[in-house]
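The report below is meant to be read with the sequence and the coordinates at hand. It moves from one sheet and its surroundings to the whole chain, and then to the aromatic side chains.

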Amino acid sequence: MKTDKKQNQYRVNEQIRVREVRIVSESGSTVMPTREAQEMARQQGVDLVEISPNANPPVCRLIDYSKFLYQQKKRAKEMKAKQVKVEVKEIRFGPQTDEHDYQFKLKHAREFLEEGNKVRAYVFFRGRSILFKEQGEVLLLRFANDLEEVGKVESMPSLEGKKMFLYLAPKKAGVAKKSQQARDREASELEMKETRKPQIDDIDVDTPANGGLLANAKISADALKKLTESED
């Protein structure tokens, strides 16, 4: 017959031998001598169960022990059901990976992160290619930057034997940031739009050659003045 480990996990009734305990219930908590708490449990037909032995004083509940164990199992089962299984997907590079292969692996890594998985990317240095370890580090940093919208770096590139590793974790939905490339592209587009706009500060509205409103108004006023003088 198997023994339930949880039955030995908690001290109950006379197994509790401290001087005083804190009794918690829906109405609050009360500190009282342990013997008094044990007597209260007997009067209510329940058990005195120690649920937090490291507290000062230890925390206990007045509850049927079998019911308490059932509640604990049910809570553990619910928590396990809510846990999402996170897998670690590997992406392998060579120190001199070409652009097409890089983009192909970048696409897959993005999909892995969007699905909630972690990504372990690494550069494998074969033979004398270890001389290109700086090039491998640059490649991994670029990889992390290109995935900034969907992934966050858990550890920077580090060399372990003949492999240099980079670890990425998925970002939570709604907190993804734009990558540096996207920000640079938007800044460049905005700068191009600004250069196409006419610079108002460069237009001299007082100069007739520019056809400014003030210039036209000045010409009209001078003509009217001359016409009035000639009539006089």
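## An open sheet

In what order do the four strands of the open sheet lie? In this predicted model, the order is β2-β1-β4-β3, and the pairing within the sheet is mixed. Strands β2 (28-33) and β3 (47-52) each have a single partner strand and stand at the edges, so one side of each is left without a neighbour in the sheet. From one strand to the next, the twist averages 40°.

Strands of a sheet pair through backbone hydrogen bonds, and they may do so in parallel or antiparallel fashion. For strand β1, which covers residues 20-25, the pairing with β2 is antiparallel and comprises six bridges. Within this pairing, V21 stands opposite M32 in β2.

## The helix across the sheet

Helix α1, formed by residues 34-44, lies across β1, β2, β3 and β4 (59-63), and its direction makes an angle of about 115° with β2.

## The chain as a whole

The protein chain has six helices and eight strands, and their succession from the N terminus on is β-β-α-β-β-α-β-α-β-α-β-β-α-α. Among the contacts in the protein chain with a separation of 6 or more, 56% are accounted for by residues 24 or more positions apart.

Of its 232 residues, 26% count as buried. The accessible surface of the protein chain comes to about 17,300 Å², and carbon and sulfur atoms hold 51% of that area.

## Aromatic pairs

How many aromatic pairs does the structure hold? There are seven aromatic pairs in the structure, and one of them is formed by Y10 and F68, whose rings meet edge-to-face with 5.0 Å centre to centre and 85° between the planes. This pair links distant parts of the chain, since Y10 belongs to the segment before β1 while F68 belongs to helix α2 (residues 65-82), the two being 58 residues apart.

Are Y10 and F68 buried or exposed? Both residues, Y10 and F68, are buried. Together with Y65, Y10 and F68 form one aromatic cluster.

## Charges over rings

Two further tyrosine rings have a charged side chain over them, one from an arginine and the other from a lysine. R142 lies over the face of Y102, at 3.9 Å from the ring centre, whereas the charged end of K163 sits over the ring of Y122, at 4.9 Å from the centre of that ring.

How values were computed. Residues numbered from 1 in each chain as written. Predicted model: local features only at pLDDT ≥ 70, side-chain atom pairs only at ≥ 80, totals over all residues. Heavy atoms only, no water. Pairing = 2+ DSSP bridges. Axes fitted to C-alpha atoms, helices over the stretch in contact; angles between N-to-C directions. Contact = heavy atoms within 4.5 Å. Buried < 20%, exposed > 50% of the residue type's maximum accessible area, 1.4 Å probe, protein only. Areas by Shrake-Rupley, 256 points an atom, 1.4 Å probe, with all protein chains shown as cover. Phe/Tyr/Trp six-rings, centres within 6.5 Å; stacked < 30°, edge-to-face > 60°. Lys NZ or Arg CZ within 6 Å of the ring centre and 35° of its normal.
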